[in-house]
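Reader: I am new to this structure and would like a close look at a single part, the place where its pieces come together. Could you take me through that part slowly, and then outward to what surrounds it?

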Amino acid sequence: MNRPVDISYDTSPKLSAQLAQLWPLLQREVQEEITREPILSEFLMPTVLDHSTFNGALSAVLAQKLSCPTLSQLSLRKLCLESYEADPTIVTSALLDLIAVTERDPACKRISVPFLYYKGFQGLQLYRIANWLWKNNRRALARYIQSRVSEVFAIDIHPAAKVGNGILIDHATSIVIGETAVVGNNVSMLHEVTLGGTGKETGDRHPKIAGGVLIGAGAKVLGNVYVGEGAKIGAGSVVLNDVTAHCTVAGVPAIPVGQCGSVLPAHDMDHSLETGE
Ligand SMILES: CC(C)(COP(=O)(O)OP(=O)(O)OC[C@H]1O[C@@H](n2cnc3c(N)ncnc32)[C@H](O)[C@@H]1OP(=O)(O)O)[C@@H](O)C(=O)NCCC(=O)NCCS
């Protein structure tokens, strides 16, 4: 079976222009929050409004969440900024993830909400830094970040895993993504999803998830299986075999239960049961 998983970036000028608008929008939203709730200024000024760039604000909010007695906010901020400078696609991914959350999560209409509060968004951005460290042979620090993210956010993504952009990890508690997993662009997953090994394979042993796939809450995808573009995996399923594109699978073990009505179910977060009406 052909197993394409696209994690490349859309570099079109139209998208760049759209992304450039997000930083002023974030500043406006946060200013409105402070006007409504002045008590939040102690949190919102140092994390957003004291900064002149999106990179500065992102590094501040991530450092504020992850710091601990053995890793200071200052060191974490410097590390984030160093990675953004060396690899600007980390920031592009963060902006695309923000759009993904606000477009697909019906409970979230403001980009400031995932930026400030959603551990699915924040944990993913810290994975992106650990992944950059891993690729640059700084594995001890990558593992340290992975471990802290797991403690703080209950999200355990191996730094060597490959994750595309425009990703929504909703609710996010108990997400596990293994070392050789690949997650394509525009994938949405709910809480308690595992992309893990079966325990019977070594080497390349984790799932490959193509673009636009929706993975329901509690689903376990195990082994080096391929989930094709735009497929849907039902909540609580255990997927042990390849899933063809635009197919819906569900159950334990998961079996095909239908074809997706939507071209990219992750994109519109269509959790619905098809009625045929
Ligand atoms: C799988 C899902 C996406 C629906 O997809 P769909 O293509 O519309 O599938 P259908 O609803 O037509 O279901 C087809 C069959 O699979 C069954 N099915 C659907 N979801 C299932 C699941 N998670 N586990 C077991 N069976 C399931 C249906 O009962 C139906 O069975 P039937 O044909 O015997 O009546 C949806 O059920 C789901 O699990 N969404 C995840 C939502 C989620 O994680 N929510 C958490 C929010 S916090």
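**Where the two domains meet**

Author: In this predicted model, the chain is divided into domain 1, which covers 12–154, and domain 2, which covers 161–277. The C-alpha centres of domain 1 and domain 2 lie 25 Å apart, and the contact takes 16 residues from domain 1 and 15 residues from domain 2. On the side of domain 1 that touches domain 2, the elements that give two or more residues are helix 6 (89–104) and helix 8 (119–135). Helix 6 supplies the largest share of that side, 8 residues. Sorted by class, the side of domain 1 that touches domain 2 has 8 nonpolar, 4 polar and 4 charged residues.

Beside this contact we can set the largest nonpolar core, which has 78 residues, and in which Ile129, Ile209, Val213, Val227 and Ile233 touch the most other members. Helix 8 gives the most to this core, with 9 residues. Because domain 1 (12–154) and domain 2 (161–277) both give residues to the core, it lies between them. In soluble globular proteins, nonpolar side chains tend to be buried together.

A residue that shows the meeting of the two domains in detail is Leu168, whose place is in strand 3 (residues 168–169). Leu168 counts as buried because it has 28 C-beta neighbours inside 10 Å, where 20 or more are needed. If its neighbours within four places in sequence are left aside, Leu168 is in contact with Ala100, Val101, Arg104, Asp105 and Ser188. The C-alpha atoms of Leu168 and Ala217, which are 49 residues apart along the chain, are separated by 12 Å.

Ile233, one of the core residues that touch the most other members, deserves the same attention. Again leaving aside neighbours within four places in sequence, Ile233 is in contact with Leu214, Ile215, Gly216, Ala219, Val221, Val227, Val239, Val249 and Ala254. Strand 12 (residues 232–233) pairs with strand 14 (residues 247–250) in the parallel sense over 2 bridges, and in this pairing Lys232 stands opposite Thr248. Strand 14 also pairs with strand 15 (residues 255–259), this time in the antiparallel sense over 4 bridges, and the bridge partner of Ala250 in strand 15 is Ile255. Strand 14 and strand 15 form a hairpin with 4 residues between them, and Gly251 in the turn has a positive phi of about 100°.

Val227, another of those core residues, leads to a second set of strands, for strand 11 (226–227) is an edge strand, as is strand 2 (162–163), each of them pairing on one side only. The open sheet to which they belong is formed by 4 strands in the order 2-5-8-11, with parallel pairing. Within it, strand 2 and strand 5 (residues 182–183) pair over 2 bridges, and Lys162 has Val182 in strand 5 as its bridge partner.

To finish, we may turn back to domain 1 and look at one of its helices. In helix 3 (residues 41–49), Leu44, Thr47 and Val48 are buried. Seen down the axis of helix 3, these buried residues fall within an arc of 85°, so they line one face of the helix. An α-helix has 3.6 residues a turn, so residues three or four places apart point the same way. What covers the buried residues of helix 3 includes helix 2 (22–36), helix 4 (54–66) and helix 7 (112–117).

Technical notes: Residues are numbered from 1 along each chain as its sequence is written. This is a predicted model: local features need pLDDT of at least 70, side-chain atom pairs count only at pLDDT 80 or more; totals for chains, interfaces and linings use all residues. Domain bounds come from an automatic or database domain assignment. Two residues are in contact if their C-beta atoms, placed from the backbone, lie within 7 Å. Ala, Val, Leu, Ile, Met, Phe, Trp, Tyr, Cys and Pro count as nonpolar, Asp, Glu, Lys and Arg as charged, and the others, Gly among them, as polar. A nonpolar core is a set of buried Ala, Val, Leu, Ile, Met, Phe, Trp, Tyr and Cys residues joined through C-beta atoms within 7 Å. A residue is buried if 20 or more other C-beta atoms lie within 10 Å of its own, exposed if 12 or fewer, and partly exposed in between; C-beta atoms are placed from the backbone. The arc is that of the directions from the helix axis to the C-beta atoms. Two strands pair if DSSP finds at least two bridges between them.
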